[in-house]
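User: Please take a close look at one helix and the charged side chains around it. I am in my first year, so explain each term when it comes up.

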Amino acid sequence: MAIDRSGPFWGARRAAVRSPAVPAAAEIRQFLVVRLAELAAERGLGDVEIAEGFHFFDSGLLDSFGFINLLTDAEEEFSVEVDFTELDPEEFSTLDGLTATLAQATS
């Protein structure tokens, strides 16, 4: 007796085996929040609130080099490379924007 492996269960199972897990936006956001909190602590800025709408540059926590380091850490963590040439800098200069940009790049 042959097993029918043409149904949706088997198709989903094959896809899951072939593709690595795609991180959820919440996982990416948590990674960024932890890294930003570490940077704030290193710089003696422990009272910085890293919440929705947090702006990397306006907060004074990151400069352009700090942003590149954060981005590189995130790209390595999630095995992704983001092409920013087509994006408006305002799209990724906030916690929410960078989270969305990285999540889109991983999908």
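Analyst: Glu 38 and Arg 35 form a salt bridge, with their closest N and O atoms 2.5 Å apart. A salt bridge here is a side-chain nitrogen of Lys or Arg within 4 Å of a carboxyl oxygen of Asp or Glu. This is a predicted model, in which local features need pLDDT of at least 70 and side-chain atom pairs count only at pLDDT 80 or more, while totals for chains, interfaces and linings use all residues. Residues are numbered from 1 along each chain as its sequence is written, and side-chain values use heavy atoms, with hydrogens and water left out.

Glu 38 and Arg 35 are three residues apart in helix H2, so about one helical turn separates them. Helices (H or I, at least four residues) and strands (E, at least two) are DSSP runs, numbered from the N terminus. Glu 38 is partly exposed, at 37% relative accessibility. The cut-offs are these: buried means under 20% relative accessible area, exposed over 50%, and partly exposed in between (1.4 Å probe, protein chains only).

Arg 35 also meets the side chain of Asp 73 in a salt bridge, at 3.0 Å from N to O. This pair links distant parts of the chain, since Arg 35 is in helix H2 and Asp 73 is in helix H3 (residues 64–78), 38 residues apart. Asp 73 counts as partly exposed, with 26% relative accessibility. Arg 35, Glu 38 and Asp 73 are thus linked in a network of salt bridges.

A search of the whole structure finds three salt bridges. One of them joins the side chains of Arg 29 and Asp 96, at 2.6 Å from N to O. Arg 29 lies in helix H2 (residues 25–42) and Asp 96 in helix H4 (residues 95–106), so this pair ties together parts that are 67 residues apart in sequence. Arg 29 is partly exposed at 27% relative accessibility, and Asp 96 is partly exposed at 28%.

Now the helix itself. H2 has 18 residues, which at 1.5 Å a residue should span 26 Å, and its end C-alpha atoms are indeed 26 Å apart. The expected span is 1.5 Å times one less than the number of residues.

Which residues of H2 are buried? They are Ile 28, Phe 31, Leu 32, Arg 35, Leu 36, Leu 39 and Ala 40. Seen down the axis of H2, these buried residues fall within an arc of 170 degrees, so they line one face of the helix. The arc is that of the directions from the helix axis to the C-beta atoms. On the other side of H2, Ala 26 and Ala 41 are exposed. The buried residues of H2 pack against H3 and H4, where contact means heavy atoms within 4.5 Å. After H2 comes Gly 44, whose phi is positive, near 70 degrees.

The packing leads to the core. The largest nonpolar core has 24 residues, and those with the most contacts inside it are Leu 32, Leu 36, Phe 56, Leu 98 and Leu 102. H2, H3 and H4 each supply at least two residues of this core, and the largest share, six residues, comes from H2. A nonpolar core is a set of buried Ala, Val, Leu, Ile, Met, Phe, Trp, Tyr and Cys residues joined through side-chain atoms within 4.5 Å. Leaving aside neighbours within four places in sequence, Leu 102 is in contact with Ile 28, Leu 32, Leu 71, Ala 74, Val 80 and Val 82.

One charged residue of helix H3 stands apart from these bridges: Glu 75. Glu 75 is buried yet has no salt bridge, and the nearest side chain of opposite charge, Arg 35, is 13 Å away. For this purpose Lys and Arg count as positive and Asp and Glu as negative, while His and the chain ends are not counted. Beyond its neighbours within four places in sequence, Glu 75 is in contact with Val 80, Glu 81 and Val 82.

The loop between H3 and H4 holds Phe 84, which is buried, with a relative accessible area of 18%. Setting aside neighbours within four places in sequence, Phe 84 is in contact with Leu 71, Phe 92, Leu 98 and Thr 101.
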